[in-house]
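I opened this notebook to keep track of what I looked up in one structure, entry by entry. The order follows my own reading, beginning with the interior.

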Amino acid sequence: MKKTMLLLGALMVSAAAGYAQESRQDVSISGTASFAPQITGNSVQKNSSMTIGGVASYRYMLTPRSALEVNYGYQQNTQYYQVFGRANGGIHTLQMEFSGAYVFNLNFKRFNPFVEAGPGAIIFSPLKDAGTTNLDAKRNTNIGALFGGGVAYELSPSWDIRAQYRGFLVKTPNFSLPSGIFNTNRYEIISTPSIGVAYHF
């Protein structure tokens, strides 16, 4: 009986040690370039300036191929509106992303390709400065969906380089202006390709 209990104890300790050594979490930080297409609707045309920003992510591995991820993204750009026959304007915008995603990845030696998708929101906050021509602009929080894919290259068991395409489908902001002057009533895909590093623990 003692031998059986000792054997079970040894097995449990070795299993716990193996679990502790397995990296099930990672954090990453990446630089991004953001751009969006021209959007036209309701006699309103919207263009967005291209800009750089950043995204921070946390992943938890459910299985060797599946993970859950949460993200925070930050950037500034200018949204340019042309209202045909009425007015033109620009709004300097602080754009923040909060999102979660399911990640599916594969493993080919040091390369780990992956795809991801999930819900999220983008907060469009107007900055009251020289880049904003309409000071009545108000913050918009628009719900949307994140999708994308990329590849991670393993530098060591603890570090990798991660490059990916990130797309975010979201309704274009109208900044809640009177009479809906900047309302296109259209959706856009904001593209934010990124490259950065991840630390596994």
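**Entry 1, the core.** I looked first for the largest nonpolar core and found that it has 17 residues, those with the most contacts inside it being Ile122, Phe124, Val170, Phe175, Leu177, Phe182 and Ile190. For this search a nonpolar core is a set of buried Ala, Val, Leu, Ile, Met, Phe, Trp, Tyr and Cys residues joined through side-chain atoms within 4.5 Å, and buried means under 20% relative accessible area, exposed over 50%, and partly exposed in between, with a 1.4 Å probe and protein chains only. I then noted that strand E5 (66–83), strand E6 (87–105), strand E7 (111–126) and E9 each supply at least two residues of this core.

**Entry 2, the source of the model.** I remind myself that this is a predicted model, in which local features need pLDDT of at least 70 and side-chain atom pairs count only at pLDDT 80 or more, while totals for chains, interfaces and linings use all residues. Residues are numbered from 1 along each chain as its sequence is written, and side-chain values use heavy atoms, with hydrogens and water left out.

**Entry 3, confidence.** The mean pLDDT of the protein chain is 90, and 89% of its residues reach 70 or more, pLDDT being the predictor's confidence in each residue, from 0 to 100. Over residues 4–8 pLDDT stays under 50, and the model has zero contacts for them beyond four places in sequence, where contact means heavy atoms within 4.5 Å. Over residues 10–21 pLDDT also stays under 50, and I found two contacts beyond four places in sequence. Where pLDDT is low, the predicted coordinates should not be read in detail.

**Entry 4, the chain as a whole.** I recorded one helix and eleven strands in the protein chain, taken as DSSP runs numbered from the N terminus (helices H or I, at least four residues; strands E, at least two). Read along the sequence, the pattern is α-β-β-β-β-β-β-β-β-β-β-β. Buried residues make up 42% of the 201 residues, and residues 24 or more positions apart account for 65% of the contacts with a separation of 6 or more.

**Entry 5, Phe182 and Phe175.** Returning to the core, I listed what Phe182 touches, not counting residues up to four places away in sequence: Val44, Tyr81, Val83, Gly89, Ile91, Pro173, Asn174 and Leu177. Tyr81, Phe175 and Phe182 form one aromatic cluster. Phe175 is placed in the loop between E9 and strand E10 (187–191), and it is buried, with a relative accessible area of 0%. Its phi is positive, about 60 degrees, although Phe175 is not a glycine.

**Entry 6, Asn42.** Most residues other than glycine have a negative phi. I therefore also noted Asn42, which is partly exposed, with a relative accessible area of 49%. Asn42 is not a glycine, yet has a positive phi of about 55 degrees, and lies in the loop between strand E2 (39–41) and strand E3 (44–48).

**Entry 7, aromatic pairs.** How many aromatic pairs does a search of the whole structure find? The search finds seven, where rings of Phe, Tyr and Trp (its six-membered ring) pair if their centres lie within 6.5 Å, with planes under 30 degrees apart counted as stacked, over 60 as edge-to-face and the rest as tilted. One of them is the tilted pair of Phe147 and Tyr165, at 6.3 Å centre to centre and 55 degrees between the planes. Phe147 lies in strand E8 (residues 140–154) and Tyr165 in strand E9 (residues 159–171), so this pair ties together parts that are 18 residues apart in sequence. Phe147 is partly exposed at 33% relative accessible area, and Tyr165 is partly exposed at 32%.

**Entry 8, Glu69 and Arg59.** I found Glu69 in strand E5, where at 3% relative accessibility Glu69 counts as buried. Leaving aside neighbours within four places in sequence, Glu69 is in contact with residues including Arg59, Ser99, Val103 and Glu116. Glu69 and Arg59 are ten residues apart in sequence and 4.3 Å apart in space, C-alpha to C-alpha. Arg59 in turn lies over the face of Phe114, at 4.4 Å from the ring centre; a charge sits over a ring if NZ of Lys or CZ of Arg is within 6 Å of the ring centre and within 35 degrees of the ring normal.
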